[in-house]
Structure formats: C-alpha cells, structure tokens
Amino acid sequence: MRKCRILKIIIMASINITLRNKPNKQNELPVILRIVKDRKSKLISLGMLCEKQDWDSKKNEFKKSYPNASQRNRLLLKLQEKALKIIDEFALDNIDFTLNQFEAKFRGRKSSQVTVSEFWKEKISDLNRAGRTGNARAYKDVYNSFFKFHSNKNLVFREITPVLLDKYETYLRSNGNTDGGIGVKMRELRALFNDAIKKGVVGEKYYPFKVYKVSKLKGKGIKKALTRDEMRLMEALDTNKNPHLIDAKNYMVFSYYMGGMNFVDLMKLKWENIQGDRVLYIRSKTKGRFSVKMLAPVKEIIAYYKTQKSETNYVFPILLKDKLTPMQIENRKHKTISKFNKQLKEIAEIQGVEQNVTSYVIRHSFATNLKFAGISTDLIGESMGHHDVSVTKAYLKEFDDKTIDDAMGKLLEEPKLKYAS
C-alpha cells in the first residue's frame, strides 16, 4: 500500500498494456506499454503482435483464442511488474525521471545512455506544454545550431567535454557569431546539462562548465542605448509623411514611456488592463505585477487605438484573434517583432539616428536615460521588473560614475509632440 502512495502522489505516473491503433499489412496490432507522466505519454513496443479479435480490451491481455495465450499473459504480467518496479526505484531515489529515462531503464539501457538529442527534445516539449513557448523556441534554436555542428545525434552527455565546447565555439565564430551570441547558446547548453544532472541522466563529475567558462563570453558594445536627444528625434517622426510607420512609432513610444515595456507584454495588453490613468499588467517573463501611471504620450496612443475598429480585446493590432494558444502567440510574436525591428531601423534612417535601433534598444534606452536623470539603479530595476539588481547593472554598465554625476535634469517631462497621428 505504501508503494502505491509513492507512485500516485510523488511520481504521478501510470502504466497500462494495450494495443496500438495502427495495424500492419497483415492486420496485426502491436502490443505496447503506455506510460503516462505529467500529462505526457510514451508508447513502448513489447515486440508482440495481435489481431483485434484476439485481444481482451477490458483485461488488457490476450484472449484464449490467441496461440499460447496463458504463457504470453504471464509475460505481459512480468513486463508490467518490471515497469512498476522501475517507477518505484525512481521514486525511492527521489528522481523526477523523464519518459526517455524510463524507456532506457525498461529496455535495459543505463540512464547515461539517454542521448543529448532525446533529452533536449523532451525539454523543448515540456516547455511548450507548460506554455513557456519563448523558452522552448530558444532551446530549439540552440538545438538546431548544435546539431549542425555535431551531426551525431547519438551523442550522450558525458561526451560533451570542454574540448568539444571549444570546438563548438570555434564553429560559431566561423559562422559570424559574436561573443554575445555565443554566450547565449552556451548558457542554454549549460542549463540543459544542469537539468540532466538534476534528473540523474549524467553524473556531476562529467560537468564540463567547470573548465569551460561561459563568463568569458561577455558581449562588448552590444547594449547600446539612445540618448535622450536621439529618442526625441525618433519620437518626432512625421507619420503624415510616413503613414505605414504609425503603429511602429506608437509601439516604440508606448514601450519607452511605460518603463521599457517588453514587446511581448505590449502585444498581450488588453483593454481591461487600462484602469483610469494607470496600466495594470503581469509581466510575461517574471510574472511580476505592475501598475504604471500613463504619461501624456501614452494617453494619446491609447486614445488613438480606442478609435480603431478591432475584433479582439487587445489594445494593439498585433494578436488578431482572442483565445490563441501559447504556440500561436509565440509564432505571431516572432513574426511581428521582426517587422517592428525593421521599421524601427527605417524610422532611425529617416530621422538621422545612426544607432542600430531595436525593441531591445528602446527598452535599454529607458533605463539609461533614467540613470542620466539621476534615478537610483534600484528604482530603475524595480520599474523594469528586474528581480536582481545585477541585471539592471548589466543594462547600465557602459556608463561610468562621472557621466552619471554629470547627468542632465528631469527625464520624463511631457513633450509637446503628437504621437498617434
């Protein structure tokens, strides 16, 4: 009875033996073991075939009409007991196992033989199921990059050595990646390896990042903010002459004056988030709650979109339908942020701003311009939703103390510019 409680409460996994729905050319169905864990399932072939009329679907065993039915049913019982024992052992060892780990043990493979590719794909699938589609996309991008470099998908974790990581870094550099881009990929790979250690797939003694230091890959000169004058130039775009840039300009100004709001949060903003003269929302990345007062430029933009016909509850015409799945939202974000960044560059070119302007630069500009205005790093971090002040400092690291001490006065005075038309 005690073991049953462990299986049900701690592991939350179940198994059953059944027939697969897809018959072969002889109209025989494979006998499979199905394991379900965390609302995901895996089908494992047991190497036996059975016609539908010879299978008892209530007892999940062969009927007497099947040749050697008694012997085969004893084998099925042994396989079921083996599966339960494996789940029990994982529970007793306090291992939150993956379905690939279960299959490896069931088939007689050691956990260390679970391939990097198998584990990585399951990680991506887990993130998508949890609605963390942005993280899933990041892991998938690095997966594709890594296996372009290393084509053998039978690679296991203990084979990811400091030497292999050095070679991967060289490969990335030869393909035009900068320190910043390489650092992003290596951090994803490091997180994957840490997860594999946690789940018992590889021993900690094989951890390659004690020797290969990701910290050396610090991008230099990447986080470039616009000065306050450059930002005002961007804001001053004449949309009467450039009507195709109205939305891009509005998104830019809204993001900036809303505390450097992330594009994904701007995209998901609904009319119900507008409460009086404040915007109330939960940041997608950190789940932090925000209540931000609307300055004049923001109020003008809100008033503009109030007049636009929309079939959704969203403020901005980015998500074109309500009740989209997390994956649909992620795909839409990926497409529209690319267009937004291109249009920001177009605005910069028209207005004579020589910086490489992106949505990230606009967010970064809010932080640095506040710093120029003499606002404390802690307060800037709070306004941007940073849980750790070191993250805020990373945004501000280009600016030395003397520059900050010489900072000009008040930043967010309400300019006499028209933003929405």
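**Exercise 1.** Determine which residues Phe 316 touches, leaving aside residues up to four places away in sequence.

*Solution.* Contact requires heavy atoms within 4.5 Å. On this criterion, Phe 316 touches Tyr 251, Phe 254, Leu 266, Leu 269, Ile 301 and Tyr 305. The model is predicted: local features need pLDDT of at least 70, side-chain atom pairs count only at pLDDT 80 or more, and totals for chains, interfaces and linings use all residues. Residues are numbered from 1 along each chain as its sequence is written, and side-chain values use heavy atoms, with hydrogens and water left out.

**Exercise 2.** Place Phe 316 in the largest nonpolar core.

*Solution.* A nonpolar core is a set of buried Ala, Val, Leu, Ile, Met, Phe, Trp, Tyr and Cys residues joined through side-chain atoms within 4.5 Å; buried means under 20% relative accessible area, exposed over 50%, and partly exposed in between (1.4 Å probe, protein chains only). The largest such core holds 47 residues, of which Met 234, Phe 254, Leu 269 and Phe 316 touch the most other members. Elements giving two or more residues to this core include helix H9 (246–257) and helix H12 (326–351); helices (H or I, at least four residues) and strands (E, at least two) are DSSP runs numbered from the N terminus. H9 supplies the largest share, eight residues. A second, separate core of 34 residues includes Phe 157 and Ile 182.

**Exercise 3.** State whether Arg 74 is buried or exposed.

*Solution.* Arg 74 lies in helix H2 (residues 69–92). Its relative accessible area is 53%, so Arg 74 is exposed.
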